[in-house]
Amino acid sequence: MLVRVAVVAWFALTAAAQAADCPRQGVLGTSRVLTVDAATFPRVGLKSFPQTLPLADKEVVLTFDDGPFPPTTTPILEALARECVRATFFLIGRSSAANPELVKRIAAEGHTVGHHTWSHPDLMRIPLSAAIEDIDRGIAADEMALHGSASSVPTTPFFRCPYFESTPALLDLLQSRGLVVFGTDLWASDWDRMTPQQELKLITDRLHAAGKGIILFHDSKARTAAMLPDFLRYLRDNDYHVVHVVGPSPQKENNPDGVHSAQQ
(Lines give C-alpha, C1' and ligand atoms only; values in the text may rest on other atoms or scores of the structure.)
Protein backbone atom coordinates (compact mmCIF):
# COMPACT_ATOMS: atom_id res chain seq x y z
CA MET A 1 0.00 0.00 0.00
CA LEU A 2 2.82 2.38 0.89
CA VAL A 3 4.55 1.65 -2.42
CA ARG A 4 1.35 2.44 -4.32
CA VAL A 5 0.93 5.73 -2.44
CA ALA A 6 4.55 6.65 -3.17
CA VAL A 7 4.15 5.91 -6.87
CA VAL A 8 0.92 7.93 -7.08
CA ALA A 9 2.56 10.83 -5.26
CA TRP A 10 5.58 10.74 -7.56
CA PHE A 11 3.48 10.83 -10.71
CA ALA A 12 1.37 13.64 -9.26
CA LEU A 13 4.53 15.62 -8.56
CA THR A 14 6.12 15.11 -11.95
CA ALA A 15 2.83 15.77 -13.71
CA ALA A 16 3.04 19.33 -12.40
CA ALA A 17 5.41 20.02 -15.29
CA GLN A 18 2.65 19.99 -17.87
CA ALA A 19 2.80 22.15 -20.99
CA ALA A 20 0.46 24.79 -19.57
CA ASP A 21 2.58 27.47 -21.23
CA CYS A 22 1.68 26.24 -24.73
CA PRO A 23 -0.34 28.95 -26.51
CA ARG A 24 -2.33 26.48 -28.60
CA GLN A 25 -5.14 24.19 -27.58
CA GLY A 26 -5.48 20.64 -28.85
CA VAL A 27 -1.76 19.96 -29.27
CA LEU A 28 0.26 17.03 -27.96
CA GLY A 29 2.31 19.05 -25.47
CA THR A 30 4.90 17.85 -22.99
CA SER A 31 3.27 15.88 -20.19
CA ARG A 32 5.97 16.09 -17.54
CA VAL A 33 9.68 16.63 -16.91
CA LEU A 34 11.88 13.91 -15.45
CA THR A 35 15.28 14.61 -13.93
CA VAL A 36 17.81 11.86 -14.66
CA ASP A 37 21.16 11.55 -12.89
CA ALA A 38 23.98 9.04 -13.12
CA ALA A 39 23.75 8.03 -9.46
CA THR A 40 20.22 6.67 -9.96
CA PHE A 41 20.20 5.88 -13.67
CA PRO A 42 23.78 5.43 -14.92
CA ARG A 43 22.65 3.56 -18.07
CA VAL A 44 19.17 3.45 -19.55
CA GLY A 45 17.55 1.83 -22.56
CA LEU A 46 16.52 -1.80 -22.86
CA LYS A 47 18.15 -2.28 -26.26
CA SER A 48 21.53 -2.10 -24.49
CA PHE A 49 21.03 -2.27 -20.73
CA PRO A 50 18.84 -4.06 -18.17
CA GLN A 51 17.42 -0.77 -16.85
CA THR A 52 15.43 2.01 -18.47
CA LEU A 53 13.64 5.14 -17.33
CA PRO A 54 10.63 4.85 -15.00
CA LEU A 55 7.94 5.60 -17.55
CA ALA A 56 4.24 4.87 -17.15
CA ASP A 57 2.28 3.10 -19.86
CA LYS A 58 1.90 5.28 -22.97
CA GLU A 59 4.73 7.61 -21.94
CA VAL A 60 7.54 8.25 -24.43
CA VAL A 61 10.84 10.12 -24.45
CA LEU A 62 11.78 11.46 -27.88
CA THR A 63 15.49 11.50 -28.74
CA PHE A 64 17.33 12.52 -31.90
CA ASP A 65 20.91 11.61 -32.87
CA ASP A 66 23.58 12.84 -35.28
CA GLY A 67 22.66 16.49 -35.61
CA PRO A 68 22.66 19.33 -35.87
CA PHE A 69 22.05 19.27 -39.61
CA PRO A 70 20.25 22.42 -40.81
CA PRO A 71 18.24 20.94 -43.72
CA THR A 72 16.52 18.40 -41.46
CA THR A 73 17.04 19.54 -37.86
CA THR A 74 15.24 22.80 -38.67
CA PRO A 75 11.93 21.24 -39.84
CA ILE A 76 12.12 18.79 -36.92
CA LEU A 77 12.36 21.71 -34.49
CA GLU A 78 9.43 23.36 -36.25
CA ALA A 79 7.31 20.19 -35.96
CA LEU A 80 8.12 19.86 -32.26
CA ALA A 81 7.34 23.54 -31.66
CA ARG A 82 3.94 23.27 -33.35
CA GLU A 83 3.00 20.54 -30.89
CA CYS A 84 4.75 22.13 -27.87
CA VAL A 85 6.88 19.01 -27.48
CA ARG A 86 10.36 18.89 -25.96
CA ALA A 87 12.94 16.31 -26.92
CA THR A 88 16.60 15.43 -26.39
CA PHE A 89 19.19 15.93 -29.12
CA PHE A 90 22.44 13.95 -28.95
CA LEU A 91 24.80 16.11 -31.00
CA ILE A 92 27.95 15.26 -32.92
CA GLY A 93 30.65 17.73 -31.94
CA ARG A 94 31.96 18.51 -35.39
CA SER A 95 28.42 19.30 -36.53
CA SER A 96 27.92 21.54 -33.49
CA ALA A 97 31.13 23.37 -34.34
CA ALA A 98 29.86 23.94 -37.88
CA ASN A 99 26.36 25.01 -36.79
CA PRO A 100 26.57 26.80 -33.43
CA GLU A 101 23.48 28.94 -34.01
CA LEU A 102 21.37 25.83 -34.55
CA VAL A 103 22.72 24.34 -31.31
CA LYS A 104 21.72 27.53 -29.51
CA ARG A 105 18.27 27.32 -31.09
CA ILE A 106 17.80 23.73 -29.90
CA ALA A 107 18.52 24.80 -26.32
CA ALA A 108 16.59 28.09 -26.56
CA GLU A 109 13.47 26.21 -27.64
CA GLY A 110 13.59 24.17 -24.47
CA HIS A 111 15.14 20.93 -25.68
CA THR A 112 17.87 19.02 -23.86
CA VAL A 113 21.31 18.90 -25.45
CA GLY A 114 23.12 15.59 -25.02
CA HIS A 115 26.42 14.43 -26.48
CA HIS A 116 27.34 11.89 -29.15
CA THR A 117 31.17 12.21 -29.58
CA TRP A 118 33.11 14.45 -31.96
CA SER A 119 33.29 12.22 -35.04
CA HIS A 120 30.88 9.29 -34.44
CA PRO A 121 33.45 6.45 -34.15
CA ASP A 122 32.70 2.93 -33.01
CA LEU A 123 34.00 3.28 -29.45
CA MET A 124 34.38 -0.47 -29.04
CA ARG A 125 36.88 -0.68 -31.91
CA ILE A 126 39.32 2.03 -30.87
CA PRO A 127 41.66 2.29 -27.86
CA LEU A 128 40.13 3.59 -24.64
CA SER A 129 42.35 6.67 -24.75
CA ALA A 130 41.15 7.50 -28.27
CA ALA A 131 37.54 6.96 -27.25
CA ILE A 132 37.89 9.34 -24.30
CA GLU A 133 39.58 11.93 -26.51
CA ASP A 134 36.77 11.82 -29.08
CA ILE A 135 34.09 12.00 -26.38
CA ASP A 136 35.74 14.96 -24.65
CA ARG A 137 36.33 16.78 -27.91
CA GLY A 138 32.68 16.34 -28.81
CA ILE A 139 31.45 17.60 -25.46
CA ALA A 140 33.80 20.59 -25.67
CA ALA A 141 32.49 21.48 -29.14
CA ASP A 142 28.87 21.23 -27.99
CA GLU A 143 29.60 23.41 -24.96
CA MET A 144 31.44 25.93 -27.11
CA ALA A 145 28.44 26.17 -29.42
CA LEU A 146 26.09 26.56 -26.47
CA HIS A 147 28.03 28.90 -24.22
CA GLY A 148 31.03 30.26 -26.11
CA SER A 149 33.55 28.37 -23.98
CA ALA A 150 34.85 24.83 -24.39
CA SER A 151 34.64 22.37 -21.51
CA SER A 152 34.77 18.60 -21.22
CA VAL A 153 32.32 18.88 -18.31
CA PRO A 154 28.88 19.03 -19.96
CA THR A 155 26.06 21.28 -18.86
CA THR A 156 23.72 18.32 -19.23
CA PRO A 157 25.53 15.03 -18.45
CA PHE A 158 23.78 12.88 -21.06
CA PHE A 159 25.78 10.79 -23.53
CA ARG A 160 24.91 8.23 -26.19
CA CYS A 161 27.50 5.95 -27.77
CA PRO A 162 27.55 5.84 -31.57
CA TYR A 163 26.04 2.58 -32.78
CA PHE A 164 25.36 1.82 -29.06
CA GLU A 165 28.83 0.29 -28.94
CA SER A 166 31.02 0.59 -25.84
CA THR A 167 33.24 -1.40 -23.50
CA PRO A 168 32.83 -2.15 -19.78
CA ALA A 169 35.85 0.03 -19.00
CA LEU A 170 34.41 2.96 -20.94
CA LEU A 171 30.99 2.61 -19.33
CA ASP A 172 32.57 2.55 -15.87
CA LEU A 173 34.59 5.66 -16.70
CA LEU A 174 31.55 7.54 -17.98
CA GLN A 175 29.62 6.61 -14.83
CA SER A 176 32.49 7.79 -12.63
CA ARG A 177 32.27 11.16 -14.40
CA GLY A 178 28.56 11.44 -13.68
CA LEU A 179 27.45 10.89 -17.26
CA VAL A 180 24.16 9.10 -17.93
CA VAL A 181 24.63 6.75 -20.89
CA PHE A 182 21.49 6.55 -22.99
CA GLY A 183 20.62 3.53 -25.02
CA THR A 184 17.06 3.31 -26.27
CA ASP A 185 13.98 1.15 -25.85
CA LEU A 186 12.88 1.22 -29.49
CA TRP A 187 14.03 2.82 -32.71
CA ALA A 188 12.66 3.84 -36.06
CA SER A 189 15.44 2.17 -38.09
CA ASP A 190 15.60 5.43 -40.03
CA TRP A 191 19.13 4.59 -41.15
CA ASP A 192 17.51 2.14 -43.58
CA ARG A 193 16.18 3.33 -46.92
CA MET A 194 12.40 3.70 -46.71
CA THR A 195 9.66 6.22 -47.33
CA PRO A 196 8.35 8.47 -44.56
CA GLN A 197 5.11 6.48 -44.65
CA GLN A 198 7.00 3.22 -44.17
CA GLU A 199 8.95 4.70 -41.28
CA LEU A 200 5.74 5.92 -39.66
CA LYS A 201 4.17 2.47 -39.84
CA LEU A 202 7.31 0.81 -38.54
CA ILE A 203 7.68 3.05 -35.48
CA THR A 204 3.98 3.14 -34.62
CA ASP A 205 3.80 -0.67 -34.83
CA ARG A 206 6.82 -0.96 -32.56
CA LEU A 207 5.45 1.57 -30.10
CA HIS A 208 2.06 -0.16 -30.02
CA ALA A 209 3.84 -3.41 -29.13
CA ALA A 210 6.13 -1.84 -26.50
CA GLY A 211 3.54 0.49 -25.00
CA LYS A 212 6.09 3.08 -23.84
CA GLY A 213 9.77 3.91 -23.89
CA ILE A 214 12.72 5.97 -25.07
CA ILE A 215 12.49 6.35 -28.85
CA LEU A 216 15.49 6.92 -31.12
CA PHE A 217 15.29 8.98 -34.30
CA HIS A 218 18.00 10.73 -36.33
CA ASP A 219 17.47 14.43 -37.03
CA SER A 220 19.94 14.10 -39.89
CA LYS A 221 17.45 12.01 -41.92
CA ALA A 222 15.07 13.67 -44.37
CA ARG A 223 12.60 10.78 -44.08
CA THR A 224 12.35 11.36 -40.33
CA ALA A 225 11.82 15.10 -40.75
CA ALA A 226 9.03 14.39 -43.24
CA MET A 227 7.44 11.72 -41.05
CA LEU A 228 7.61 13.52 -37.68
CA PRO A 229 4.45 15.68 -37.92
CA ASP A 230 2.38 12.57 -38.62
CA PHE A 231 4.06 10.68 -35.79
CA LEU A 232 3.33 13.47 -33.30
CA ARG A 233 -0.27 13.47 -34.51
CA TYR A 234 -0.39 9.71 -33.94
CA LEU A 235 0.85 10.19 -30.36
CA ARG A 236 -1.79 12.84 -29.72
CA ASP A 237 -4.64 10.88 -31.29
CA ASN A 238 -3.74 7.69 -29.41
CA ASP A 239 -3.33 9.24 -25.96
CA TYR A 240 0.43 8.95 -25.61
CA HIS A 241 2.30 11.39 -23.37
CA VAL A 242 5.71 12.93 -23.96
CA VAL A 243 8.18 13.06 -21.06
CA HIS A 244 11.05 15.54 -21.27
CA VAL A 245 14.28 14.39 -19.61
CA VAL A 246 16.72 16.88 -18.08
CA GLY A 247 19.95 16.66 -16.10
CA PRO A 248 20.28 17.15 -12.34
CA SER A 249 21.76 20.64 -12.51
CA PRO A 250 19.62 23.75 -13.05
CA GLN A 251 18.54 23.69 -16.70
CA LYS A 252 18.63 27.38 -17.54
CA GLU A 253 19.50 26.78 -21.17
CA ASN A 254 17.27 23.74 -21.61
CA ASN A 255 14.38 25.07 -19.57
CA PRO A 256 13.99 28.75 -20.45
CA ASP A 257 10.32 28.98 -19.50
CA GLY A 258 10.94 28.09 -15.88
CA VAL A 259 9.20 24.71 -15.97
CA HIS A 260 10.17 22.92 -12.76
CA SER A 261 11.59 19.43 -12.95
CA ALA A 262 10.97 16.70 -10.42
CA GLN A 263 13.53 14.09 -9.50
CA GLN A 264 12.44 10.52 -9.14
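**Note on helix 7 and the core around it**

1. Cover of helix 7. Strand 3, strand 8 (186-187), strand 9 and helix 8 are among the elements that cover the buried residues of helix 7. Contact here means heavy atoms within 4.5 Å. Helices (H or I, at least four residues) and strands (E, at least two) are DSSP runs numbered from the N terminus.

2. Basis. This is a predicted model, with pLDDT of at least 70 needed for local features and 80 or more for side-chain atom pairs, while totals for chains, interfaces and linings use all residues. Residues are numbered from 1 along each chain as its sequence is written, and side-chain values use heavy atoms, without hydrogens and water.

3. Two sides. Glu199, Leu200, Ile203, Thr204 and Leu207 of helix 7 are buried (under 20% relative accessible area, 1.4 Å probe, protein chains only). They lie on the same side of helix 7 because they cover an arc of only 120 degrees around the axis, taken from the directions from the helix axis to the C-beta atoms. On the other side, Gln197, Lys201, His208 and Ala209 are exposed (over 50%).

4. Helix end. Glycine 211, just after helix 7, has a positive phi of about 85 degrees.

5. Core. The largest nonpolar core (buried Ala, Val, Leu, Ile, Met, Phe, Trp, Tyr and Cys joined through side-chain atoms within 4.5 Å) has 34 residues. Leu62, Leu80 and Phe231 touch the most other members. Helix 8 gives this core its largest share, six residues.

6. Phe231. Leaving out residues up to four places away in sequence, Phe231 touches Leu62, Leu200, Ile203, Thr204, Leu207, Ile215 and Phe217.
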